[in-house]
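Please find below a colleague's note on the structure, set out as numbered points. The surfaces near the DNA are taken up before the contacts between the protein chains.

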There are 2 protein chains.
Amino acid sequence: MYNCRVSAPKARRSPKPQERQRDADRTRKLILDAATAEFAAHGYSGARISAIASRAGVNQQLISYYFDGKDGLYQAISERWRQRESELVPPGTPLPEQVRQYALEALDNPDGVRLLAWSGLEYTGPDSDLDHAPRSQRMQGTVDHIRELQAAGRLPDEVDPACLTIMLMAAAMATTTLPHVIEGVCQVDPKSPEFVDHYAEQLTLVTRLLGLEPA
Amino acid sequence: MYNCRVSAPKARRSPKPQERQRDADRTRKLILDAATAEFAAHGYSGARISAIASRAGVNQQLISYYFDGKDGLYQAISERWRQRESELVPPGTPLPEQVRQYALEALDNPDGVRLLAWSGLEYTGPDSDLDHAPRSQRMQGTVDHIRELQAAGRLPDEVDPACLTIMLMAAAMATTTLPHVIEGVCQVDPKSPEFVDHYAEQLTLVTRLLGLEPA
DNA sequence: AACTCAATCAAACGTTCGTTTGACACAGTG
DNA sequence: CACTGTGTCAAACGAACGTTTGATTGAGTT
């Protein structure tokens with residue numbers, strides 16, 4: 001899909017990589033980071049590869065050189081993000097805390113949350129060649145967790161654990177997805193650490209209210 | 001902002017407007033409808049005015065003629081949508097039902113929900129000249145409603161009614177904002193009437209679980 | 001019928017955007 | 001040192017996009 005040459009580490013005595021004028025891996029990473037920021041900020045259509053090159057401080061052409069164009073670059077950052085995503089929530093965390101952490105991602109990793117949100121709106125159907133399986137599998141853990149709490153009688157049987165998981169996730173992303181609504185209703189800066197923290201706190205509170213914590 | 005000439009109705013004996021070859025109001029409406037669909041589908045950056053003209057079946061130039069370009073058109077449909085939005089939920093509806101209706105908007109008015117979602121991600125700050133006041137005011141009604149239930153002891157005092165309102169709204173929009181996640185977790189078509197209905201039902205259930213209904 | 005203005009369209013235009021080309025320079029290799 | 005391949009860049013290119021221009025036609029007015 002994109003240029004995935006791995007630049008075989010031939011250098012016998014590498015002269016402190018940070019001093020090298022030319023370093024494919026470093027350049028690739030600069031581009032990936034810049035692209036993540038740009039795509040997160042403006043979505044796919046709104047992102048400009050000239051802006052990405054600027055942010056990365058490299059020549060615009062290198063994007064085609066390393067990633068085979070805008071589309072390849074987008075898929076590259078998507079893949080990279082999907083890998084990092086897996087390392088987020090340590091399994092076994094109580095659900096209220098889990099949800100809290102997710103809401104706080106708006107502070108720690110705003111780009112990741114925004115990318116997820118953009119991709120939802122840009123999503124056209126399951127025929128996409130993107131691999132959503134890792135995330136699905138990870139979320140399945142949460143669903144199972146809820147099912148256990150349900151089996152333990154802490155939640156009515158009528159509740160669909162999968163739907164509840166979706167609701168919690170959507171609610172946790174609200175500071176990212178609905179800043180304009182928050183601005184209007186709460187009269188605060190939806191991005192401010194104070195509010196995000198407050199909101200995350202409220203979300204855990206509501207989660208507990210639903211009985212979603214270990215007895 | 002955009003060309004808002006109102007085409008004074010001079011016609012003394014109007015010859016059945018639907019037969020007229022040239023009708024400014026009809027054309028304007030065709031464009032607005034097409035633009036709503038296009039912007040809802042692809043967001044601002046992704047929308048193409050050529051596509052809008054195609055959908056509307058009119059010459060591309062008429063968009064500049066009537067709305068002073070892409071930006072003017074976008075603001076025009078935003079304003080129109082904001083007006084229609086106010087007529088949605090009849091005041092005094094019990095909260096669980098209110099939330100249910102909102103979730104079902106994904107079926108009745110998918111474009112409106114998507115426009116709201118896009119604008120959230122495209123939102124850059126309160127300096128925007130868009131007028132979000134009507135929605136804020138309407139939602140304030142919901143916040144007050146929750147506050148009353150809280151005063152009646154149906155909800156712990158620690159809960160922030162405004163945050164809870166945001167959570168419910170975000171959750172209600174999930175079938176629109178997180179279709180890819182739903183696809184992966186629930187293994188269903190997130191847009192199918194069956195699922196949207198099921199999800200809306202679940203959302204009312206959870207809302208009731210929180211005690212958010214009249215005693 | 002002549003006149004006028006609004007509505008519509010086709011074509012051209014200038015920009016922006018992403019990609020391609022071609023040249024150049026650095027760093028290993030023999 | 002000459003050679004080679006990779007990394008980098010500047011410039012050009014072509015397509016796509018939004019807008020403007022100028023002409024044409026329908027409809028109401030005198």
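**Surfaces near the DNA, the chain interface and the core**

1. In this predicted model, the surface near DNA strand D is made up of six nonpolar, 10 polar and nine charged residues. In total, 25 residues surround this strand, and the closest are Ala24(A), Thr27(A), Asn59(A), Ser64(B) and Gly69(B). At least two residues of this surface come from each of helix H1 (24-46) and helix H3 (61-67) of chain A, and from each of helix H2 (49-56), helix H3 (61-67) and H4 of chain B.

2. Around DNA strand C there are 24 residues, of which Ser64(A), Gly69(A), Ala24(B), Asn59(B) and Gln61(B) come nearest. By type, the surface near DNA strand C divides into six nonpolar, 10 polar and eight charged residues. Chain A supplies at least two residues from each of helix H2 (49-56), H3 and helix H4 (69-85), while chain B does so from each of helix H1 (24-46) and H3.

3. The unreviewed UniProt entry lists residues 48-67 of chain A as "DNA-binding region". Over residues 48-67 of chain A, the chain is 75% helix and 0% strand, with 15 Å between the end C-alpha atoms.

4. Between the protein chains, 49 residues of chain B are in contact with 49 residues of chain A. The side of chain B that touches chain A draws at least two residues from each of H1, helix H6 (110-122), helix H7 (133-151), helix H8 (161-172), helix H9 (174-177), helix H10 (179-186) and helix H11 (193-209) of chain B. H8(B) provides the largest share, nine residues. This side of chain B divides into 30 nonpolar, 14 polar and five charged residues.

5. The largest nonpolar core has 108 residues, and those with the most contacts inside it are Ile166(A), Met167(A), Ala170(A), Ile166(B), Met167(B) and Ala170(B). Leaving aside neighbours within four places in sequence, Met167(B) is in contact with Ala171(A), Ala174(A), Leu203(A) and Val206(A).

6. Helix H6 (residues 110-122) of chain A has 13 residues and spans 18 Å from first C-alpha to last, close to the 18 Å expected at 1.5 Å a residue. Buried residues in H6(A) include Val113(A), Leu116(A), Trp118(A) and Leu121(A), as well as Arg114(A).

7. In chain B, Leu73(B) belongs to helix H4 (residues 69-85). Leu73(B) is buried because 26 other C-beta atoms lie within 10 Å. Pro110(B) is 37 residues from Leu73(B) in sequence, and their C-alpha atoms are 19 Å apart in space.

Technical notes: Residues are numbered from 1 along each chain as its sequence is written. Chains are lettered from A and ligands numbered from 1 in the order in which they are written. This is a predicted model: local features need pLDDT of at least 70, side-chain atom pairs count only at pLDDT 80 or more; totals for chains, interfaces and linings use all residues. Helices (H or I, at least four residues) and strands (E, at least two) are DSSP runs, numbered from the N terminus. The expected span of a helix is 1.5 Å times one less than its number of residues. A residue is buried if 20 or more other C-beta atoms lie within 10 Å of its own, exposed if 12 or fewer, and partly exposed in between; C-beta atoms are placed from the backbone. A nonpolar core is a set of buried Ala, Val, Leu, Ile, Met, Phe, Trp, Tyr and Cys residues joined through C-beta atoms within 7 Å. Two residues are in contact if their C-beta atoms, placed from the backbone, lie within 7 Å. UniProt positions are given in the numbering used here, feature names are shortened, and annotations may be inferred rather than shown by experiment. A residue is near a molecule or strand if its C-beta atom, placed from the backbone, lies within 6 Å of it. Ala, Val, Leu, Ile, Met, Phe, Trp, Tyr, Cys and Pro count as nonpolar, Asp, Glu, Lys and Arg as charged, and the others, Gly among them, as polar.
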